[in-house]
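Okay, thanks for coming, everyone. I'd like to walk you through some helix packing today, so let me put the model on the screen.

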Amino acid sequence: MSPHVLILGGTTEARRLAAELTARPGTRVTTSLAGRVTRPGALAGAVRVGGFGGPEGLAAWLRERHVDAVVDATHPFAAEITANAARATASAGVPLVVLRRPGWRPGPGDHWHPVPSLEAAAALLPGLGRRVLLTTGRLGLAAFADLKEPHFVVRSVEPPEPPMPPHTRVLLARGPFTVADETALLREHRVDVLVTKDSGGAATSAKLTAARDLGLPVVVVRRPPLPDGITAAPDVPSALRQLDDVLTGPGGRPNGRRGSGAAGTCP
């Protein structure tokens, strides 16, 4: 039987992975999207939108649809989805591969302030600046809503959800952005501190270079940890190799792990 792979998507890497897998003869691919973006880009293979109903619902879906492997290629901050995927695949006996692009690392000239959460970022802001570029996505602005003094420029792909800080200007834009674009934005709005999540990747990293060139402090929200026992693949080729390992046994024969009840974590 043709292998069926479920991709938990929403990232550029998930889209690339779906294209690579659907190009393989006999491989069935379903990409699941949470539905938070109203106009997702085109995807190769089948697409489903919406939640599964927690880990129990996902485990049931995996069994009913005869899924042979799951690739969690969600955003690095989608901690709940990743935790649910780990529990569901373990319950259903389906192998799990986690694909996460590497996080950013500060370099010479960077003035980074790593923090564990959005709330910690908000607590740090009053001592760093009064004009803030906030690029943490449309969710989570409530963490900054009580800050009365700073003026915020909030950039997101979709309109952000309230509550928001009282002095807020919203910019709707989708990357990738160039260093020149980001430098012009920081200067136009007289930004003196940048707040961002460590999402990694090149599509949104230009703002870090622009902040470094302008000597601005950057508050970087650290990623949530992966579930115990899971090591992420850093890129699509690595994820494909891990996927091949769990889908085939010695000599390229199918592993036959579907429904076995074995833990579904890929090393």
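Before anything else, a word on contact: when I say two residues are in contact, I mean heavy atoms within 4.5 Å. And please keep in mind that this is a predicted model.

With that in hand, let's start at N84, which sits in helix α3. What is N84 in contact with, leaving aside its neighbours within four places in sequence? The answer is G54, P55 and L58. Buried means under 20% relative accessible area, and N84 comes in at 18% relative accessibility, so it counts as buried.

Those partners take us straight to helix α2, residues 54–64. The axes of α2 and α3 come within 8 Å and cross at roughly 45°. That makes the two helices oblique to each other, and the crossing of α2 past α3 is right-handed. On the α2 side, the contact involves G54, P55, E56, L58, A59, L62 and R63, and these meet N84, A85, R87, A88, T89, S91 and A92 of α3. If you sort the residues of that contact by type, you get 7 nonpolar, 4 polar and 3 charged.

Let's stay on α2 for a moment. Which of its residues are buried? They're P55, L58, A59, W61 and L62. Look down the axis of α2 and these buried residues fall within an arc of 160°, so they line one face of the helix. Turn to the other side of α2 and you find E56 and E64, both exposed. As for what the buried residues of α2 pack against, there's α3, at 79–92, plus four strands: β1 at 4–8, β2 at 28–33, β3 at 46–49 and β4 at 69–72. And just after α2 comes H66, whose phi is positive, near 55°.

Since β1 came up, let me pick one residue from that strand, L8. Is L8 buried or exposed? Its relative accessibility is 5%, so L8 counts as buried. Take out residues up to four places away in sequence, and L8 still touches S32, F52, V70, V71, D72, A73, T74, I81 and A85. You may remember A85 as one of the α3 residues that meet α2. S32 is worth a click too: L8 and S32 are 24 residues apart in sequence, yet their C-alpha atoms are 5.0 Å apart in space.

Now over to helix α1, residues 12–22. Its buried residues are E13, A14, L17, A18 and L21. Seen down the axis of α1, they fall within an arc of 135°, so once again we have buried residues lining one face of a helix. What covers them includes β1, β2, β4 and α7.

So what about that α7 packing? Helix α7 runs over residues 236–247, and its axis comes within 10 Å of the α1 axis, with the two crossing at roughly 50°. Why call them oblique? Angles from 35 to 65 degrees fall outside the parallel and perpendicular classes, and therefore α1 and α7 count as oblique to each other. α1 passes α7 in a right-handed crossing. From α1, the contact uses E13, R16, L17, E20 and L21; from α7, it uses V236, P237, L240 and L243. By type, that contact has 6 nonpolar residues, no polar ones and 3 charged.

E13 also gives us a link to a loop. G201 lies between β10, at 193–197, and α6. The C-alpha atoms of G201 and E13 are separated by 9.9 Å, and the two residues are 188 apart along the chain. At 27% relative accessibility, G201 counts as partly exposed. Setting aside neighbours within four places in sequence, G201 is in contact with R101, P102 and W104.

Last stop, helix α5, residues 179–188. Here the buried residues are E182, T183, L185 and L186. Viewed down the axis of α5, they fall within an arc of 160°, so they line one face of the helix. On the face turned away from that buried side are the exposed residues A180, R187 and E188. The cover over the buried residues of α5 includes β7 at 131–135, β8 at 151–156, β9 at 168–172 and α6 at 206–214. After α5 comes R190, and its phi is positive, near 50°.

Note on methods
Residues are numbered from 1 along each chain as its sequence is written. This is a predicted model: local features need pLDDT of at least 70, side-chain atom pairs count only at pLDDT 80 or more; totals for chains, interfaces and linings use all residues. Side-chain values use heavy atoms; hydrogens and water are left out. Axes are lines fitted to C-alpha atoms, for helices over the stretch in contact, and angles run from 0 to 180 degrees between N-to-C directions. Angles under 35 degrees count as roughly parallel, over 145 as roughly antiparallel, 65 to 115 as roughly perpendicular and the rest as oblique. A crossing is left-handed if the near helix is turned anticlockwise from the far one by less than a right angle, and right-handed if clockwise. Ala, Val, Leu, Ile, Met, Phe, Trp, Tyr, Cys and Pro count as nonpolar, Asp, Glu, Lys and Arg as charged, and the others, Gly among them, as polar. Buried means under 20% relative accessible area, exposed over 50%, partly exposed in between (1.4 Å probe, protein chains only). The arc is that of the directions from the helix axis to the C-beta atoms.
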